[in-house]
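Open the model in your viewer and keep the selection tool at hand. The stops below say what to pick next and what to look for.

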Amino acid sequence: MKRAMSTVKNIAAAAMTLAVFFGFAGFKPVTANAAQAAMPATASVEEENSYFEEDAYQRSFLTLINNERAQAGLAPVALGDSNHNAAAMERAEELAVSYSYVRPNGQRDFTVLAENGISDVSIGENYMAGCSTPDSAMDQWMATDFTRERILNADATTVSVGYYEGGVYNNYWVLIFSYPENSHTEDYRQEVLNLVNAQRAKYGLTALEMGDDALTAAAQTRAEEISVVNSHVRPDGSKCFTVLKDYGVTDTPTGENAAWGSVSPEEVVNAWMNSEGHRANILNPEARKMSVGYYYNSNSTWGHQWIQIFTK
């Protein structure tokens, strides 16, 4: 199946979710293969039952997670409040019906946070079935690249933990990692610029400057627009670069990159650099400025929206 990408006159769009690409044309959401293959681990009745008394399994996961983060030199995460954990419990029960990041109602996993009154930004969800203890589930997650990346995400501040007993695999576990809304937007802009300039330096190209407030506002508007219309065509039907005139930007545009679903600057820049059209925009020798738009909307198809606008 071909990845759905579009490149028209230095305009490119990428769709990426979690740790892999997928385009609008039908890549299936990634499932945790290690999770699906996991068989129930051997444990004594006393050991297994102890995890389900007074939410002991949540505290056990918190300890295991923070031990791994400490070894990686990362700050600890806090256990979510009752709303956070209720959302994770809901997702665990849903897995018995639809073992996927797509919920039984057809929406993506992160929409469960808003439904439970949580405004956090979801970094990602780890799920597992068939493991009878937190220790065995963590062993599987730490052995799988993209689930380990969620556990060791430097931006995470909260983990929500859910468990459901029933279904085909009997035990279903969910971890949802998140951070407070709007706490990283400015940092993300600078990080994307730094990563882009590191790529340009490899090819002997001039470093880009961060666009001024007007160009940044234009990029932010475009990031919000692509949560509604997954396209370089704006919701009003005009082309993407008309946004520059809206904000009084007189620079000449050289390209726009868009991405959906990437949870960090590193993920999104890697996605762009692995796509010919997007990479061409990043490495355009005529470009002199770049602004970044980042927008999270738990009601959008992909959650995370990213825009780069390049000008000269």
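Start in strand β7, residues 170–179, and select Asn170, which is part of it. This is a predicted model, so treat every value along the way as computed from it. Check the backbone of Asn170: its phi is near 75°, a positive value in a residue other than glycine. Most residues other than glycine have a negative phi. Is Asn170 buried or exposed? Neither label fits: Asn170 is partly exposed, because its relative accessible area is 34%, and that falls between the 20% limit for buried and the 50% limit for exposed.

**Zoom out**

Show the whole protein as a cartoon. You should find 12 helices and 11 strands. Colour by burial next. The protein has 312 residues, and 53% of them count as buried. Switch to a surface view. The accessible surface comes to about 13,500 Å², with 49% of it belonging to carbon and sulfur atoms. Now turn to contacts. Take those between residues at least 6 apart in sequence: 72% join residues at least 24 apart.

**Helix α3 and its partner**

Select residues 56–71, helix α3, and pick out Asn66 within it. Asn66 counts as buried because its relative accessibility is 16%, under the 20% cut-off. Display its surroundings. Beyond the residues up to four places away in sequence, Asn66 touches Pro76 and Val77. Which atom of Val77 lies 2.8 Å from a polar side-chain atom of Asn66? It is the backbone nitrogen of Val77. Measure between the C-alpha atoms too: Asn66 and Val77 are 11 residues apart along the chain, and these atoms are separated by 6.7 Å.

Keep α3 on screen and add helix α6, residues 134–142. The two helices pack at an angle of about 35°, and their axes are 10 Å apart. Their crossing is right-handed. To see the contact, show side chains on both helices. From α3 come Tyr57, Ser60, Phe61, Leu64, Ile65 and Glu68. From α6 come Pro134, Asp135, Ala137, Met138, Trp141 and Met142.

**Helix α9**

Move to residues 213–225, helix α9. Its 13 residues reach 18 Å from the first C-alpha to the last, close to the 18 Å expected at 1.5 Å a residue. Look at the N-terminal end. Asp212 caps it, with a side-chain oxygen 3.2 Å from the backbone nitrogen of Ala214.

Now highlight the buried residues of α9: Leu215, Thr216, Ala218, Ala219, Gln220, Thr221, Arg222, Ala223 and Glu225. What covers them? The cover includes helices α8 (185–202) and α10 (242–246). Strands β9 (253–260), β10 (289–296) and β11 (304–311) are also part of it.

Stay in α9 and centre on Arg222. Arg222 counts as buried because its relative accessibility is 0%. Its side chain is joined to that of Glu225 by a polar contact of 2.9 Å. Which residues touch Arg222, leaving aside neighbours within four places in sequence? Select Ser231, His232, Arg234, Cys240, Val243, Glu256, Ile307 and Ile309.

**Strand β11**

Go to Gln308, in strand β11. Gln308 is buried, since its relative accessible area is 0%. Expand the selection to its contacts outside the four nearest places in sequence. You will pick up Val192, Val196, Gly255, Glu256, Asn257, Trp272, Ile282, Met290 and Ser291. Glu256 is also in contact with Arg222. For a distance check, take the C-alpha atoms of Gln308 and Ala259: these residues are 49 apart along the chain, and the atoms are separated by 9.0 Å.

**Last stop: α8 and α11**

Select residues 265–273, helix α11. How many of its 9 residues are buried? The helix is mostly covered, with 7 of them buried. They are Pro265, Glu267, Val268, Val269, Ala271, Trp272 and Met273.

Bring α8 back into view. α8 and α11 pack at an angle of about 40°, their axes 9 Å apart. The crossing is right-handed. On the α8 side, show Tyr188, Glu191, Val192, Leu195 and Gln199. On the α11 side, show Pro265, Glu266, Val268, Val269, Trp272 and Met273. Two names here should be familiar: Val192 and Trp272 also touch Gln308.

How values were computed. Residues numbered from 1 in each chain as written. Predicted model: local features only at pLDDT ≥ 70, side-chain atom pairs only at ≥ 80, totals over all residues. Heavy atoms only, no water. Helix = DSSP H or I, 4+ residues; strand = E, 2+ residues; numbered from the N terminus. Buried < 20%, exposed > 50% of the residue type's maximum accessible area, 1.4 Å probe, protein only. Contact = heavy atoms within 4.5 Å. Polar contact = N/O pair within 3.5 Å; in protein donor to acceptor, adjacent residues only side chain to side chain. Areas by Shrake-Rupley, 256 points an atom, 1.4 Å probe, with all protein chains shown as cover. Expected span 1.5 Å × (residues − 1). Axes fitted to C-alpha atoms, helices over the stretch in contact; angles between N-to-C directions. Left-handed = near helix turned anticlockwise from the far one by under 90°.
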